[in-house]
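User: I should like a close look at a single part of this structure. Please explain each term as it arises, and connect the part with its surroundings.

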Amino acid sequence: MVGMLDEFAAPDFSLIWGSLRNLLDFRKIEIPGSVRLVGSVRGEFPVDAYFPVFLEISSGSGREDLSGRFNCAGSSVGQEFYDRSWHPARSIPLPLYEYDPELSIQGFRESYGRLVNSWIGSPIPDNLPCAAVAVKTRGNYCDEREAQWTVVLLLWPNNSARLMSLEVFEGALEDCISPEWYLSVSRLMPIAAAIQQMKSASENLPRWDRPSSSILIEPVFLGGILTNGRKENITANHWKQEWVYDRNKNLVEDLCALLDELQTILIES
């Protein structure tokens, strides 16, 4: 078969391919066992809030929103602070995948590895990461007022990674819908260094009252590696599912296993 293909010149192969495209509707062809990149979406932090906070690379090392302090009756300052300067060009997109849900974990790993292996040589935008892992924790930072802290690890197939973190604090008791938040962004770094920082962050979560923590993953099918968490579906944003933990020890154990697996896939690819 290889010898037959070698006999075709490039123009001949183009003609054959063009004929096949006229005969077949490739949208109706399903390839079993494959993981497919089907698009991207503007990345957001997986926080519970009345507004989106995007995965944005600002001009500095981060940004903040203190508009809740000015959100008093008759004032539009708070809304003006929030509306200014969000721009899609500065936001990191996240990948959207399709896959066969009947695949085994090993099947997912192999098919995803093949996709990542061809990532750099394809027309995929350079700013689109191939994976994202988020750790989120929430609790009460004082009586009846809640805080959330989220760190997102972004991974690219060219051995680069970035960490982005977000702190959100509820506003005053009479107006909890006006929180303050602080976003920070790391520089690009090797994947191994970023993974180590992510592991360290998960071991040193904020010590708030009544804490609850979770892991979120894109691609979500890698969640099969997480065995200690309680899986829950979410509809507020594109993260789709999260694994919730009552004990931080269990979260750290699952996160380390997931990050080690991702690092292995990316190195082998």
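Analyst: Two residues are in contact when heavy atoms lie within 4.5 Å. The model is predicted, with local features requiring pLDDT of at least 70 and side-chain atom pairs pLDDT 80 or more, while totals for chains, interfaces and linings use all residues. Residues are numbered from 1 along each chain as its sequence is written, and side-chain values use heavy atoms, without hydrogens or water.

The part chosen is helix α4, residues 105-117. Helices (H or I, at least four residues) and strands (E, at least two) are DSSP runs, numbered from the N terminus. The end C-alpha atoms of α4 are 18 Å apart, which agrees with the 18 Å that its 13 residues should span at 1.5 Å a residue; the expected span is 1.5 Å times one less than the number of residues.

Buried residues of α4 are Gly 107, Phe 108, Ser 111, Tyr 112, Gly 113, Leu 115 and Val 116. Here buried means under 20% relative accessible area, exposed over 50%, and partly exposed in between (1.4 Å probe, protein chains only). The cover over these residues includes β1 (35-42), β3 (93-99), β4 and α6.

One of the buried residues, Ser 111, is in contact with Ser 34. Ser 34 sits in the loop between α2 (10-23) and β1, and is itself buried, at 13% relative accessible area. Beyond its neighbours within four places in sequence, Ser 34 also touches Glu 98, Tyr 99, Asp 100 and Leu 103. Its side chain makes a polar contact of 2.6 Å with that of Arg 36. A polar contact is a pair of N or O atoms within 3.5 Å; within protein, one must be able to donate a hydrogen and the other to accept it, and residues adjacent in sequence count only if both atoms are side-chain atoms.

The covering strand β4 leads further. β4 pairs with β9 (residues 209-218) in the antiparallel sense over eight bridges; strands pair if DSSP finds at least two bridges between them. Arg 138 stands opposite Ser 212 in β9. In turn, β9 pairs with β11 (residues 241-245), again antiparallel, over three bridges, with Trp 243 of β11 as the bridge partner of Ile 215.

Both β4 and α6 also appear in the cover of helix α5. The buried residues of α5 include Ile 191, Ala 194, Ile 195 and Met 198.
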